[in-house]
Amino acid sequence: MASHEAIGGELSQVGQSAWGGGVAPFATGSKKLGMWLFILSDAITFSALIMAYSYVRVANPQWPTPFEFYPGIVKATVMTLILLTSSVTMVMAVRASKLDRRASAVKWLVATMVAGLAFVVIHATEWAGLIGEGVRLFKNPWGAPLFGAAFFTLTGLHMTHVFCGVCYLAVVAVLTAKGRLTSEDVEVSGLYWHFVDLVWMFIFPLVYIMSVKMG
Amino acid sequence: MDSASEHKHADTGVKIVMVVWFWLLALTAVEIFLGYKAFEVNVMIVLLMGLSVVKASLIIAYFMHLRYEKPSMAATLMPALVMVIILMFMIFPDSFRLLAMRPH
């Protein structure tokens, strides 16, 4: 209940029971609700891609398994670690901004951006490696020709989300430093960042772990 | 609420976040371990996606702090998402059938 007050502010006074909402049924600002609704629709987009990938993965006995322990799995694991850790730094940024420590919030936001950029860079080297081995959208040296299209579409859309997230956080960091944003704005950007992390939790096992190259 | 107790609450929050972070990493390690076991593809995908749903729920509940919002928010957002995903997966068993129908 305590954090409820901190998050909802005076709005939480509106509906005293869990369901009596009055004019603010979710006891939250419109920006936060808007971001949640965007995340809901984005989650459905990713669900469709993940479902399509799972479908072709299961239905194809000749699905390629190109990911050796090194570099493939090690790189993907490091990327997972980076993204999970960046979620923690994002939580710290939101916390700092709620406690009105602006400089500290900016520092944590920059840390989150650095992690996001590291993720994109490692991912890009991995893409380059696969392309170097001859993976194209509709052809690859190992088996089911659809592997390239499925892999690049799913991971590519996710990488775009990470990159856009870094740009978004950059704007939030600059405006926070200038004192032009409230802590709710930082929190809303955090919701987006955690969502991007969440999507990777599905992509990592589905794309990488399901395609490890057995010794 | 006075500022001292707010402070205390924020520190408990950091501790919970670190615990959740640890569990997310631990579950990732379990997934990598499972990846090197010779399961059938249909068993493997159910195991891995099941673990992923647990990880996603941890992220939604604690990092995105949906757990601390009004219950009406989760009750509005989550059933819609779950329902859409269930409807999408309605045709999924067909992939197992395709697998069995392939000439070997």
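**Exercise 1. Find the residues with the most contacts inside the largest nonpolar core, and the helices that build this core.**

Step 1. In this predicted model, local features need pLDDT (the predictor's confidence in each residue, from 0 to 100) of at least 70, side-chain atom pairs count only at pLDDT 80 or more, and totals for chains, interfaces and linings use all residues. Residues are numbered from 1 along each chain as its sequence is written, while chains are lettered from A and ligands numbered from 1 in the order in which they are written.

Step 2. A nonpolar core joins buried Ala, Val, Leu, Ile, Met, Phe, Trp, Tyr and Cys residues through C-beta atoms within 7 Å; buried means 20 or more other C-beta atoms within 10 Å of a residue's own, with C-beta atoms placed from the backbone.

Step 3. The largest core holds 67 residues, and A93(A), L109(A), L191(A) and F204(A) have the most contacts inside it.

Step 4. Helices (DSSP runs of H or I, at least four residues) 2 to 6 of chain A, together with helix 1 (3–35) and helix 2 (41–63) of chain B, each supply at least two core residues. Helix 6 of chain A gives the largest share, 16 residues.

**Exercise 2. Describe the side of chain B that touches chain A.**

Step 1. Counting contacts (C-beta atoms, placed from the backbone, within 7 Å), 45 residues of chain B meet 45 residues of chain A.

Step 2. On the chain B side, helix 1 provides the largest share, 12 residues.

Step 3. This side divides into 32 nonpolar (Ala, Val, Leu, Ile, Met, Phe, Trp, Tyr, Cys, Pro), five charged (Asp, Glu, Lys, Arg) and eight polar residues (the others, Gly among them).

Conventions. A residue is buried if 20 or more other C-beta atoms lie within 10 Å of its own, exposed if 12 or fewer, and partly exposed in between; C-beta atoms are placed from the backbone. Two residues are in contact if their C-beta atoms, placed from the backbone, lie within 7 Å.
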